[in-house]
Structures are given as structure tokens and as C-alpha cells.
Amino acid sequence: MATPSSSAPAAAGVDLLAGLNPPQRAAVTADDGPLLIFAGAGSGKTRVLTHRIAWLIQQGRAQPHEVLAVTFTNKAAREMRSRVEQLLNLAAGSIWMGTFHAIAARILRRDGSPAGIDRRFVIYDEGDRLSAIKQVMNEMRLDPKRYPPGSVVEAISRAKDELLSPTAQASAAGTHFEELAAQARVRYEAILEQNHALDFDDLLLRTVRLFEEHEDVLERYQKRFTYVMVDEYQDTNRAQYVMVKQLAGRHRNLCVVGDDDQSIYKFRGADIRNILSFEHDYPDAKIVKLEQNYRSTQRILDAAYHVIKVNPNRADKRLWTDRQGGPKVVVAQTYDEQEEALAVAQEALRLVGDGDYRLGDIAVLYRTNAQSRALEEVLIRRGLPYRLIGGPRFYERREVKDVLAYLRLIANPQDTLAFSRVINVPRRKLGEKSLFQLGYWADAHGMTPWEALNRVEEMTGLAPGAMASLGDFRDMINEVRAASQERRLVEVIDLLLLRSGYERHIQAEGADAQERWANVLELRGLASEYDGLAPGEGLQSFLEDVALMSDVDSLEEGPQGMTLITLHMVKGLEFPVVFMLGMEEGLFPHSRSLDSPEGLEEERRLAYVGMTRAKDRLYLFHTFRRHLWGSATLNLPSRFLADIPPELVDAPPGIPAGVSNAEMAPARAREAARPAAPLEVVQRFFPGDNVEHKLWGRGKVLKSTLTRSDEELIVRFDKAGIKILAVSLASLIKL
DNA sequence: CGAAAGGCTCTTTTT
DNA sequence: GAGCCTTTCG
């Protein structure tokens with residue numbers, strides 16, 4: 001073993017074992033060799049991981065640069081680094097910490113050339129990848145309606161996760177669609193190649209291949225990393241699994257931390273078997289289970305346990321805590337999503353009013369991003385501050401992508417995707433014809449569009465106006481590129497925004513001009529952090545970081561305001577008060593998950609993740625009726641609710657009853673008593689019909705829409721105004 | 001050539 | 001309801 005034995009004298013410094021419980025201590029101080037830490041929710045996982053890293057260094061078992069720590073978000077990596085630095089009171093900059101993708105990118109940039117990878121490769125994000133696939137499908141004359149490009153992307157991505165080569169993918173194809181996807185991939189890879197680009201999956205796949213085919217490279221990394229730690233191991237995919245195996249192959253000091261009950265990313269290739277079969281892969285592995293929870297009350301833990309324990313094939317474990325008792329879990333039904341939102345607002349205000357909590361202590365979780373809308377409307381109307389996590393993502397906004405595309409083109413003229421994104425933004429009077437001409441000419445001469453641009457004067461059949469326009473564009477990019485060699489990144493961006501006309505272009509946009517410009521400025525602000533770097537280098541690493549950035553990474557400690565967030569993104573966070581909305585069959589568990597047992601199991605884990613975010617109070621809401629993509633649906637309570645023992649649940653303490661204002665208050669008792677709506681709906685009302693409603697009096701039907709299970713009316717009442725109502729619910733009499 | 005309107009599909013989660 | 005693509009119109 002390359003490291004000093006574990007009997008090395010302890011270096012001076014903090015007592016790293018103080019305050020740790022016995023299993024935590026065992027994990028931190030474990031001897032060399034494979035180590036599996038089952039870390040339940042709130043069991044101090046990050047603490048154990050950081051203390052172990054610090055311990056290894058403090059004990060002299062490892063130098064900082066010999067440690068590799070892999071996380072799933074940049075944020076987690078940052079936090080881990082700063083905590084290790086705190087513990088050791090030294091700069092831990094030389095520890096390799098980062099996401100799988102960031103680490104792979106780093107390796108490929110340094111050592112990818114033997115595998116034919118250009119040091120200056122660009123990273124294609126989701127959007128880039130999609131447009132490339134669309135282009136391919138266009139060439140293949142595939143109808144995007146029959147074969148959704150998104151599904152093709154998905155299929156290719158899964159194949160890469162599984163480390164399948166294009167050939168292997170083709171022979172593994174079982175359906176016509178999969179065959180087409182495999183074919184599309186071949187062409188897609190060619191485009192990537194041509195653009196010196198790698199997509200997310202490539203980062204992992206190419207690293208694994210590099211290690212397979214160039215043993216000397218692998219060996220160097222194996223020797224270097226005497227200790228490898230992996231966080232969230234339950235969410236690793238095949239490629240990540242193999243990469244870890246390779247890197248830790250020599251010293252076998254592999255420490256993985258995870259919780260099979262919190263594996264929620266199967267849809268993007270995560271394979272829960274990676275953690276469940278760790279013992280099988282490493283028979284000499286030491287296993288530590290962290291089951292003491294430092295977050296929630298015992299009631300919340302018990303409720304969560306009864307939901308998760310239904311899953312077969314889970315490692316046996318159960319969380320416990322010193323925090324006995326606590327309020328019961330509140331389960332409540334509201335009439336619809338508006339009332340649900342009102343219930344959240346009201347209860348939040350009550351909690352804050354009582355002085356026990358601040359709004360920042362409260363999180364509202366939901367299954368799908370679309371659910372945040374009803375909530376936002378209510379919160380805005382009531383003037384309650386909130387921060388919405390997710391939704392339209394910063395790095396995927398048009399203006400952000402435009403500016404990034406410009407920067408990419410400046411950094412790498414071969415990036416044809418960036419080229420085509422900005423060539424006519426803002427408009428440069430280039431029509432389809434001119435651009436086709438350019439592309440055609442480039443192809444014919446085996447050039448990239450940019451190379452063709454450099455010889456635009458030789459092109460025949462190009463309108464003089466277009467030729468001038470293209471020439472101007474080329475000169476402008478060249479000017480900014482020249483500047484990028486000697487000026488700070490922010491100055492480069494300013495010059496770009498000015499000279500490209502993009503600034504004027506954005507400002508000229510109507511309604512959202514301000515917001516868009518604000519986003520551009522925010523990007524500029526992010527770029528300013530790279531001003532310390534050498535010109536050119538700043539641009540390079542900015543693009544690098546941005547490509548691997550996600551929105552959770554910038555999730556700051558909010559000073560105030562409720563947090564609105566999806567169940568997926570909330571993993572790893574905790575809040576004193578948690579509302580989970582839409583606990584309904586079809587929504588959660590989501591209907592798309594119901595066709596396979598594995599899908600349902602994953603939904604259940606998602607429920608478990610959500611429930612275990614709560615420290616003190618947990619509210620589970622479901623609605624009787626919900627607008628789902630257009631029409632109204634009547635939903636049954638989620639099966640997960642039924643799994644919670646009644647003694648852990650509080651009857652709704654009048655939450656919905658007090659909430660509904662008169663106009664949206666169909667008494668819940670009445671609803672409950674009503675028989676389920678018939679499956680076959682017959683239209684009973686027609687525009688023009690005069691009707692009478694118990695509460696609202698007389699009115700005239702404006703519109704009737706049949707949904708699968710109900711008839712929905714828009715009625716103008718003489719006194720109460722225009723209302724939308726469901727025939728099955730409203731007692732409506734035809735006059 | 002470009003903007004506007006209309007029609008279509010798809011609505012789970014995202015490093 | 002939204003986004004994307006196509007068609008249409010100026």
C-alpha cells in the first residue's frame with residue numbers, strides 16, 4: 001500500500017471523532033479496503049464523509065491530492081470542500097472533489113488526446129443534443145411526429161449510460177424504434193465529432209473507454225487516488241459504476257455512501273443494484289449502517305417507514321431518533337388545487353403568526369413542476385414571498401443560451417451548433433436560402449460553416465446583401481475573438497453584446513425585454529468571477545463550468561420566503577415544515593409509473609424522500625378534483641397515504657373548511673357523499689341553456705366541455721359572474 | 001424576408 | 001396550457 005499504515009501518529013488538530021455516534025465513528029475510522037455506508041435520511045451522511053476525508057489526512061494516511069471525492073451536484077462538492085477545510089484548518093484545494101461529469105471532463109481535458117479527444121472540446125447540453133438529433137432525423141427523413149426526437153435522445157442516452165457502443169446498441173435493439181435510434185446515433189456521433197463536442201454521457205463513457213484502452217493513463221490515476229469516496233452511490237448509473245471501479249481498482253480504498261431507499265433517478269439510468277450488490281462486488285467490504293436520524297421527529301420517521309417498507313428488495317434498516325413524539329402527520333383533502341394552495345398559505349401564515357416558524361422554514365413539495373402554478377398565484381395574491389426552485393432553468397433560457405453560443409463560437413470556431421444558433425440572431429437579413437447556400441458550399445468543400453465563412457467571397461450564387469452580411473458577421477466574431485486573447489472575460493462579453501447587436505436586439509424585445517436583459521446581466525455577473533484568470537483561459541473555464549452547472553447549484557440559503565420545489569430536487573435538503581401536495585393516484589404515484597412495479601417502487605422512494613425532509617411538521621394534501629393539462633380530473637387519494645398507520649395521522653384540523661372563500665366552497669361532505677362520476681359522460685348542457693345553481697342563482701351556459709369523467713361548464717350567472725363548474729359536483733338545474 | 005397566427009402534440013423527474 | 005412547428009400574410 002502506498003500510504004503509511006493507519007497507526008501513524010495523529011496530527012495536531014480538532015478532534016474529528018468528537019460528537020460522533022458509534023456507527024459514525026466506525027465509518028470515519030474504518031481501515032483500508034472497500035467500505036459501504038448505508039446512510040439513512042438525516043443520519044449525518046455529509047458529516048461522516050467529510051470527517052473521514054479529514055481523518056485520513058489528519059492521520060497521515062493520505063495526502064490531500066490523493067483523495068478523490070465524487071458528488072452529484074457542484075453544490076455538494078463545494079460544501080464538502082469547505083467543511084473539510086474547516087475541519088483541518090487548511091486549504092483543501094488539491095482534493096479532487098466534484099460531480100462525476102466535472103471530474104470526467106477534467107480527466108479528458110488533461111489526458112484525452114490518446115483517445116482522440118480534442119483538449120478544447122465543448123460540452124453539449126440537453127438543448128444542443130436535441131437540436132443535433134433533430135437535424136439528424138431531418139436528414140434521415142424521419143417524421144418527428146411518429147418518432148419524437150426527445151425519445152430518440154433518451155434512447156441514445158440510456159445506451160451510453162450502459163456503455164454500449166453504437167454497434168452494440170444497434171444489435172441490442174429490439175424494436176423498430178430502437179433500431180432507428182441506433183442509426184440516428186451513428187450520425188449524431190459524427191456531428192459531435194465534427195464539432196469537437198461531447199455530450200453529458202460522453203464525458204463518462206469516453207473516460208471509461210480511455211481507461212480501458214490506455215492502461216498507462218488509468219494506472220496514473222489509480223496510483224494517484226489512494227482513496228476514492230462516492231456520495232449518493234444509489235444513484236450511479238452503469239458508466240459511473242465502472243468508472244469508480246476503474247479508479248479504485250488499485251488501492252481498493254473505495255468508500256461509497258448511499259441509501260437505496262432514496263434512489264430516485266432510474267429514469268436517467270441510475271441503477272439501484274450498484275449499491276445493493278456492493279457486497280457482492282467487494283466481498284471483503286466493511287458495512288456500516290447509519291440509522292440514527294438527527295432531523296425528524298419519531299412520528300415523521302415512523303410514517304415514512306410505513307410507506308417505504310412496502311417495497312421489496314430493499315436493504316433492511318429503520319431510522320430512529322431521540323426526538324420522540326412531535327405533532328402527528330396532517331393528512332387533508334381539499335376541493336381542488338386552488339383550495340389546496342389556499343390551505344398551504346393559511347397554514348403557513350398560522351405557523352408564522354404563532355411565532356414558531358419563519359416562512360424560510362417552510363417547503364412545499366410537489367411531483368411535477370406544473371403544480372407550482374396554482375400555488376404561485378395564491379402566494380402572489382396574498383403577498384407571501386417564496387422562492388421557486390426549478391421550472392424554466394436559467395441556463396436553458398434563450399438569451400442565456402444565445403450569449404453562451406456566441407462565447408462558444410469565439411472559443412471554438414468549429415462549433416457548428418453554436419454557429420447556427422447565432423448566425424442570424426439578431427437578424428442579419430439572412431434567409432433560409434442564403435444559409436442553405438453557405439451550408440451546402442461548406443459541405444461540398446468539406447469545411448465547417450465557419451471555415452466556409454472565411455472564404456465567403458469565393459461563394460457563387462449568394463446574394464450580394466447576404467455575402468456582405470456574412471462577411472460582417474465573420475469580422476465581428478474575429479474582432480471579439482482577438483479581444484478575448486487579451487482582455488478580461490467581462491470586457492469580452494461587453495464588447496460582444498455591443499458589436500453583435502445582441503444588446504440592442506434584447507432591449508428591442510417587447511414584454512420580457514427587461515427580464516431577458518436581467519438574465520444576460522446575471523450571466524455576465526457569473527462570468528466576472530473568472531476575471532482573475534488569464535485572458536482566454538477565463539473564457540475556457542467559464543464555458544466549462546457553465547456547461548456542468550445546474551440550478552440547484554446556485555440555490556442559496558434563502559433569507560425568507562417559502563421554498564417551492566419538486567420532490568426530486570429536494571433530496572438532500574431539510575425543512576422544519578414540509579407540505580407535500582397532490583398526494584393523488586395518477587399524479588403521485590404518477591400515472592406514467594404505474595405500468596411497471598419498478599416504476600411504482602421508485603415513486604414510493606420519492607414519497608419517502610419527501611416525507612423525510614421534514615423536521616417537525618409534515619402535511620400531506622390531496623385534492624378531490626384537479627386540473628391536469630386542460631381538463632379536470634377526479635382523483636383518488638394516493639395509495640401512499642393508506643400505508644400510514646392511522647394513529648400517526650391527525651384528522652385535518654379544519655384546514656380546508658376555514659380556507660375556502662364562499663365562492664369556491666362546495667361542501668366537502670357533499671362531495672364525499674356523491675357517487676363516483678360515471679365513466680361514460682353524456683353531455684347534458686349546451687351553450688345557451690338557462691340553469692339555476694343553489695348558491696349562485698340563475699345563469700346561462702356559455703360553454704360545455706366533456707372530459708373523460710365529467711362535463712365541465714362555463715356559466716355566466718346573473719349575479720355571481722362567470723364560473724367554471726363540474727356537472728357531477730354542482731347541483732345544477734336546467735330551466 | 002420576417003412576423004403573426006394557427007394547429008399540433010405532449011405534458012415526470014434532470015446530472 | 002405551453003411550446004414547437006408550419007402556414008399564412010404583409
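Helices α17 and α25 are oblique to each other, because their angle falls in neither the roughly parallel, the roughly antiparallel nor the roughly perpendicular class (under 35 degrees is roughly parallel, over 145 roughly antiparallel, 65 to 115 roughly perpendicular, and the rest oblique). Helix α17 covers residues 398-411 and α25 covers residues 537-547; they pack at about 135 degrees, axes 10 Å apart. Axes here are lines fitted to C-alpha atoms, for helices over the stretch in contact, with angles from 0 to 180 degrees between N-to-C directions. Helices (H or I, at least four residues) and strands (E, at least two) are DSSP runs numbered from the N terminus.

This is a predicted model, where local features need pLDDT of at least 70 and side-chain atom pairs count only at pLDDT 80 or more, while totals for chains, interfaces and linings use all residues. Residues are numbered from 1 along each chain as its sequence is written, chains are lettered from A and ligands numbered from 1 in the order written, and side-chain values use heavy atoms, leaving out hydrogens and water.

Back to the first pair: the α17/α25 crossing is left-handed (near helix turned anticlockwise from the far one by less than a right angle; clockwise would be right-handed). On the α17 side you'll find L404, L407, R408, I410 and A411, meeting L539, Q540, F542, L543 and V546 of α25. By class, that contact has eight nonpolar, one polar and one charged residues (Ala, Val, Leu, Ile, Met, Phe, Trp, Tyr, Cys and Pro are nonpolar, Asp, Glu, Lys and Arg charged, the others, Gly among them, polar). Contact means heavy atoms within 4.5 Å.

Now for α2 (residues 45-58) and α3, whose axes come within 9 Å and cross at roughly 50 degrees. That makes α2 oblique to α3, and the crossing is right-handed. The α2 side includes T46, R47 and L49, and the α3 side includes M80, R83 and V84. The residues of this contact split into eight nonpolar, four polar and two charged.

Then there are the sheets. One is an open sheet of six strands, ordered β3-β2-β6-β7-β1-β8 with parallel pairing (two strands pair if DSSP finds at least two bridges between them). Strands β3 (96-99) and β8 (286-290) sit at the edges with a single partner each, so one side of each has no neighbour in the sheet. Twist averages 15 degrees from one strand to the next. Another open sheet has seven strands in the order β11-β12-β10-β13-β14-β9-β17, again with parallel pairing. Its edge strands are β11 (386-388) and β17 (649-650), each pairing on one side only.

Here are two of the strand pairings:

| Strands | Bridges | Direction | Bridge partners |
|---|---|---|---|
| β2 and β6 (residues 227-230) | four | parallel | L68 and V228 |
| β11 and β12 (residues 562-566) | three | parallel | R387 and T563 |

Helices lie on the six-stranded sheet too: α1 (residues 22-29) goes across β1 (35-39) and β8, at about 145 degrees to β8, and α4 crosses β2, β3 and β6, at about 115 degrees to β3.

As for rings, the count comes to 17 aromatic pairs (Phe, Tyr and Trp, its six-membered ring, with centres within 6.5 Å; planes under 30 degrees apart are stacked, over 60 edge-to-face, the rest tilted). One of them is F72 with F100, edge-to-face at 6.0 Å centre to centre and 75 degrees between planes.
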